[in-house]
Amino acid sequence: MKTRKILSSLIFVLSIGAVLVQTCPVFGADEPGDRKWFFVTTMELLSGVPGSPALADDGTIYAGSLNGIFYALNPDGTEKWSFNAESPVVSSPAIADDGTIYVGTPFRIFALRPNGTEKWRFHADCLF
């Protein structure tokens with residue numbers, strides 16, 4: 001009973017926080033260390049991005065999401081493109097010299113072009 005009450009309180013606090021994150025714009029952000037922008041996907045409000053983002057030479061930021069979407073973000077934090085990986089993107093992306101982006105889900109590895117189109121995919125019968 002006590003555990004259920006604590007969990008309910010935590011969910012309520014996280015719900016309030018999620019609303020604040022989604023509705024509060026970032027103003028000013030001129031001091032060193034200030035947040036310049038943020039990008040929110042639905043799942044990250046509770047669980048975070050599972051892998052580290054990768055930064056391309058042109059400033060594009062690549063990051064996976066537990067909602068099954070792999071994102072490319074412009075340096076200003078706006079979405080450049082997204083790719084539906086059909087399951088949680090749990091790995092950190094890697095960028096090859098030719099610009100190919102490699103990223104994994106629990107059962108697949110994808111090779112994506114810098115414009116977000118798929119080069120190839122590999123499906124395994126086991127977890128990576």
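**Exercise 1.** In this predicted model, decide whether Asp98 is buried or exposed, then work out what its salt bridge with Lys119 connects.

*Solution.* Start with the accessibility. Asp98 has a relative accessibility of 53%, and the cut-off for exposed is over 50%, so Asp98 counts as exposed. Next, take its partner: Lys119 comes out at 37%, so Lys119 counts as partly exposed. Now look at the contact itself. The closest N and O atoms of Asp98 and Lys119 are 3.5 Å apart, and a salt bridge asks for a distance within 4 Å. Finally, place both residues: Asp98 sits in the loop between β5 and β6, while Lys119 belongs to strand β8 (residues 118-123), so the salt bridge ties together parts that are 21 residues apart in sequence.

**Exercise 2.** Find which residues the salt bridges with shared partners join into one network.

*Solution.* Begin with the whole structure, where a search finds 5 salt bridges. One of them brings together the side chains of Arg108 and Glu86, at 3.8 Å from N to O. This pair links distant parts of the chain, with Arg108 in strand β7 and Glu86 in the loop between β4 and β5 (94-95), 22 residues apart. Arg108 counts as buried because its relative accessibility is 18%. Then turn to Arg121 and Glu118, which form a salt bridge with the closest N and O atoms 2.9 Å apart. Both ends are partly exposed: Arg121 has a relative accessible area of 36%, and Glu118 is at 28%. To finish, follow the shared partners: Glu86, Arg108, Glu118 and Arg121 belong to one network of salt bridges.

**Exercise 3.** Describe how strand β3 (residues 69-73) is covered and how it pairs with β2 and β4.

*Solution.* Count the burial before anything else: 5 of the 5 residues in β3 are buried. Then sort the side chains by direction. In a regular strand they alternate between the two faces of the sheet. Here Ile69, Tyr71 and Leu73 point one way, and Phe70 and Ala72 point the other way. On to the neighbours. Strand β2 (residues 61-63) pairs with β3 in the antiparallel sense over 3 bridges, and Ile61 stands opposite Leu73. Strand β4 (residues 79-84) also runs antiparallel to β3, joined by 5 bridges, with Tyr71 opposite Ser82. Last, check the two hairpins. The hairpin of β2 and β3 has 5 residues between the strands, and Gly68 takes a positive phi near 90° there. The hairpin of β3 and β4 has 5 residues between its strands too, with Gly77 at a positive phi near 90°.

**Exercise 4.** Classify the aromatic pairs Phe83–Phe110 and Tyr102–Trp120 by the angle between their planes.

*Solution.* A search of the whole structure finds 5 aromatic pairs. For Phe83 and Phe110, the centres are 5.1 Å apart and the planes make an angle of 70°; planes over 60 degrees apart count as edge-to-face, and so this pair is edge-to-face. The pair links Phe83 in strand β4 with Phe110 in strand β7, 27 residues apart, and both residues are buried. For Tyr102 and Trp120, the values are 6.0 Å and 50°, which makes a tilted pair. This one links strand β6, home of Tyr102, with strand β8, home of Trp120, across 18 residues. Tyr102 counts as partly exposed at 31%, and Trp120 is partly exposed at 40%. As a last step, look for a cluster: Tyr62, Phe70 and Trp81 form one.

Key. Residues numbered from 1 in each chain as written. Predicted model: local features only at pLDDT ≥ 70, side-chain atom pairs only at ≥ 80, totals over all residues. Heavy atoms only, no water. Buried < 20%, exposed > 50% of the residue type's maximum accessible area, 1.4 Å probe, protein only. Helix = DSSP H or I, 4+ residues; strand = E, 2+ residues; numbered from the N terminus. Pairing = 2+ DSSP bridges. Phe/Tyr/Trp six-rings, centres within 6.5 Å; stacked < 30°, edge-to-face > 60°.
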